[in-house]
Structure formats: C-alpha cells, structure tokens
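Trainee: Got a minute to go through this one with me? I'd like to start with the charged pairs.
Mentor: Sure, let's bring it up.

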Amino acid sequence: MSALDAARAALAAEHAAVYGYGVVGGRIGAERRVEATAAYEAHRARRDGLRRTVRDLGGEPVAAAAGYELPFAVPDTAAAVRLAAVLEDRVAGVYSDLVRAAEGPLRRDAAAALREAAVRAVRWRGTDVTFPGLAERA
C-alpha cells in the first residue's frame, strides 16, 4: 500500500469517525459528554490535516459520505460508549497501515494518531488490547 492510498484510507476513516461521534454525542450521558466532544474535535482536526496530506501527496481527498452504516444500533449511553470504542479501534487500524506505508514526518504523525486513538479506545472500553491497530495480532 502506498502512502497516498493509506492516507486516503485514514481520511475516509476520519470522516466515518466524525459522523460516528455525532451519533455518540446524541446518546452519551452528561458525565462523558466532554470526553466525546474532545474526541469529536480531535477527529475533525485529523480529518482536516489528512485532506492537506492527501493533496500534498498528489492525490484528491475522498469526500465524506452523506451517512455511514453503524456496526450496531445506538439506543442508549452504553451503546454510545461501545460505539466510541469501535470507532477508535477502526481509526487505529487505518493509522497502523499509514505508519507502515509512510516515512518521515507523515509516519510520526500517523504514529501519534494511532497512539491517540488507542488511548481513547482504552478510556471508552475500560480495557486495552495487546497490539492497538493490529487486529490480526489481538
């Protein structure tokens, strides 16, 4: 996978995460709303940065879809917390690919994004995974 392809995939994942956090924000309890808002803003910032990165690599940024299929129904706070953890796991996975494909500053940025997503996933889930972003090793 080229760095451009991996950056495009990361951008697509960030679009989906921003959408997903919109759902999380609508169902999350007041006690975790600040955390959900911070994650939403972090994903928006990463998304915007990846748009520039894709252009810098000579590509055309993928556009956000009008909607995304959620992995399960989100009727309440507990489901919103589960969704947030899934979103972070998915984002970590694509950043893992970008770490493998990129070099230099882009690789460092991707590693930082992977780490941030893994930490947020642990906070949401309450437990960690052995190899964040590497589902085949979990």
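Mentor: Start with Asp89, which is partly exposed (20% to 50% relative accessible area, with buried under 20% and exposed over 50%, using a 1.4 Å probe and protein chains only), at a relative accessible area of 33%. This is a predicted model, where local features need pLDDT of at least 70, side-chain atom pairs count only at pLDDT 80 or more, and totals for chains, interfaces and linings use all residues. Residues are numbered from 1 along each chain as its sequence is written, and side-chain values use heavy atoms, leaving out hydrogens and water.

Trainee: Which residue does Asp89 form a salt bridge with?
Mentor: Arg125, with the closest N and O atoms 2.8 Å apart; a salt bridge here is a side-chain nitrogen of Lys or Arg within 4 Å of a carboxyl oxygen of Asp or Glu. The pair links distant parts of the chain, 36 residues apart, with Asp89 in helix α3 and Arg125 in helix α4. Helices are DSSP runs of H or I with at least four residues, numbered from the N terminus.

Trainee: And is Arg125 buried or partly exposed?
Mentor: Partly exposed, at 30% relative accessibility.

Trainee: How many salt bridges does the whole structure have?
Mentor: A search finds 9. One of them joins Arg47 and Asp48, at 3.0 Å from N to O.

Trainee: Switching topic, what about Glu14, salt bridge or no salt bridge?
Mentor: No salt bridge, although Glu14 is buried. The nearest side chain of opposite charge is Arg46, 5.4 Å away; Lys and Arg count as positive, Asp and Glu as negative, with His and the chain ends not counted.

Methods:
Helix = DSSP H or I, 4+ residues; strand = E, 2+ residues; numbered from the N terminus.
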